[in-house]
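Reader: I'd like to zoom in on one part of this model instead of getting the usual grand tour. Keep it relaxed, but don't skimp on the numbers.

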Amino acid sequence: MPDQFAVVFARLKGMLEPYAPGMHVSADSDIWYGLDLAPEAERTPATWFGAVRLGKRYVSYYLMPVYVDPSLLKDVSPELRKRMQGKSCFNFTREDDALLDELTALTMRGYDRTAGDPEWGKQIRATWDKARSNR
């Protein structure tokens with residue numbers, strides 16, 4: 001793993017850490033850092049906010065608000081979209097100030113739209129619980 005991956009990991013982790021006081025840290029190691037909207041006993045896939053993972057080929061930044069509300073991506077630059085894998089994962093191999101600044105702003109918008117709105121959180125968890133009980 002290239003040395004710059006550790007630098008990228010630290011930068012991406014630093015983008016999530018300001019939100020930790022209002023959430024639950026679900027992972028915190030040298031290769032994973034994650035935030036969840038719910039305490040461990042109440043977690044579902046719908047409560048996961050985001051994470052950073054240090055991999056062998058790149059550093060991944062998962063931002064679940066863009067998965068549950070794809071309209072958050074409408075103003076994302078083509079350059080940042082090129083970093084996307086799937087619906088909510090952004091991969092980086094090096095620091096790119098412009099893209100990381102854009103991702104920081106996207107994270108803030110995602111927080112405001114989802115985790116920053118307690119009513120949204122209650123509603124999404126209720127929807128998830130209802131879907132699980134209907135199985």
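How much accessible surface does the chain have, and what percentage of it belongs to carbon and sulfur atoms? After that, please take a close look at the place where α1 and α4 pack.

Author: Surface first: the accessible area of the chain is about 7700 Å², and carbon and sulfur atoms hold 51% of it. Areas here are Shrake-Rupley values with a 1.4 Å probe, and for residues only the protein chains shown count as cover. Before you read anything off the model, note that it is a predicted one: local features need pLDDT of at least 70, side-chain atom pairs count only at pLDDT 80 or more, and totals for chains, interfaces and linings use all residues. Residues are numbered from 1 along each chain as its sequence is written, and side-chain values rest on heavy atoms, with hydrogens and water left out.

A bit of context, then. The chain has five helices and six strands (DSSP runs numbered from the N terminus: H or I over at least four residues for helices, E over at least two for strands). Read from the N terminus, the order is α-β-β-β-β-α-α-β-β-α-α. Of the 135 residues in the chain, 43% are buried (under 20% relative accessible area; over 50% is exposed, in between is partly exposed, with a 1.4 Å probe and protein chains only). Among contacts (heavy atoms within 4.5 Å) with a separation of 6 or more, 50% come from residues 24 or more positions apart.

Now your helix pair. The axes of α1 and α4 are 10 Å apart and make an angle of about 25 degrees; axes are lines fitted to C-alpha atoms, for helices over the stretch in contact, and angles run from 0 to 180 degrees between N-to-C directions. That is why α1 and α4 are roughly parallel (under 35 degrees; over 145 is roughly antiparallel, 65 to 115 roughly perpendicular, the rest oblique). The crossing of α1 past α4 is right-handed, meaning that the near helix is turned clockwise from the far one by less than a right angle, with anticlockwise being left-handed.

Who touches whom? On the α1 side you have Arg11, Leu12, Met15 and Leu16, and they meet Asp97, Leu100, Asp101, Leu103, Thr104 and Thr107 of α4. Take Thr104, which sits in helix α4: its C-alpha atom is 6.2 Å from that of Met15, although their positions lie 89 residues apart along the chain. Thr104 still counts as partly exposed, because its relative accessibility is 32%.

The charged side chains are worth a careful look. The chain has six salt bridges, each one a side-chain nitrogen of Lys or Arg within 4 Å of a carboxyl oxygen of Asp or Glu. One of them pairs Arg11 with Glu95, at 2.9 Å from N to O. That pair spans 84 residues, from Arg11 in helix α1 (residues 3–16) to Glu95 in the loop between β6 (89–92) and α4 (97–113). Arg11 is partly exposed because its relative accessible area is 23%, and Glu95 is partly exposed too, at 36%.

Arg11 also has a salt bridge with Asp97, at 2.8 Å from N to O. Here the link runs between the two helices themselves, Asp97 in α4 and Arg11 in α1, 86 residues apart.

A further salt bridge from α1 goes elsewhere: Lys13 and Asp28 meet at 3.0 Å, N to O. Lys13 belongs to helix α1 and Asp28 to strand β1 (residues 24–28), 15 residues apart. Lys13 counts as buried because its relative accessible area is 16%, whereas Asp28 is exposed at 52%. Back at the helix pair, salt bridges with shared partners tie Arg11, Glu95, Asp97 and Asp101 into one network.

For comparison, here's an acidic residue from another part of the chain. Asp36 lies in strand β2 (residues 32–36), and it is buried because its relative accessibility is 4%. Leaving out residues up to four places away in sequence, Asp36 touches Met23, His24, Ser26, Arg43, Thr47, Trp48 and Phe49. Asp75, in the loop between α2 (65–68) and α3 (78–81), is exposed, with a relative accessible area of 62%. The C-alpha atoms of Asp75 and Leu106 are 9.3 Å apart, with the two residues 31 apart along the chain.
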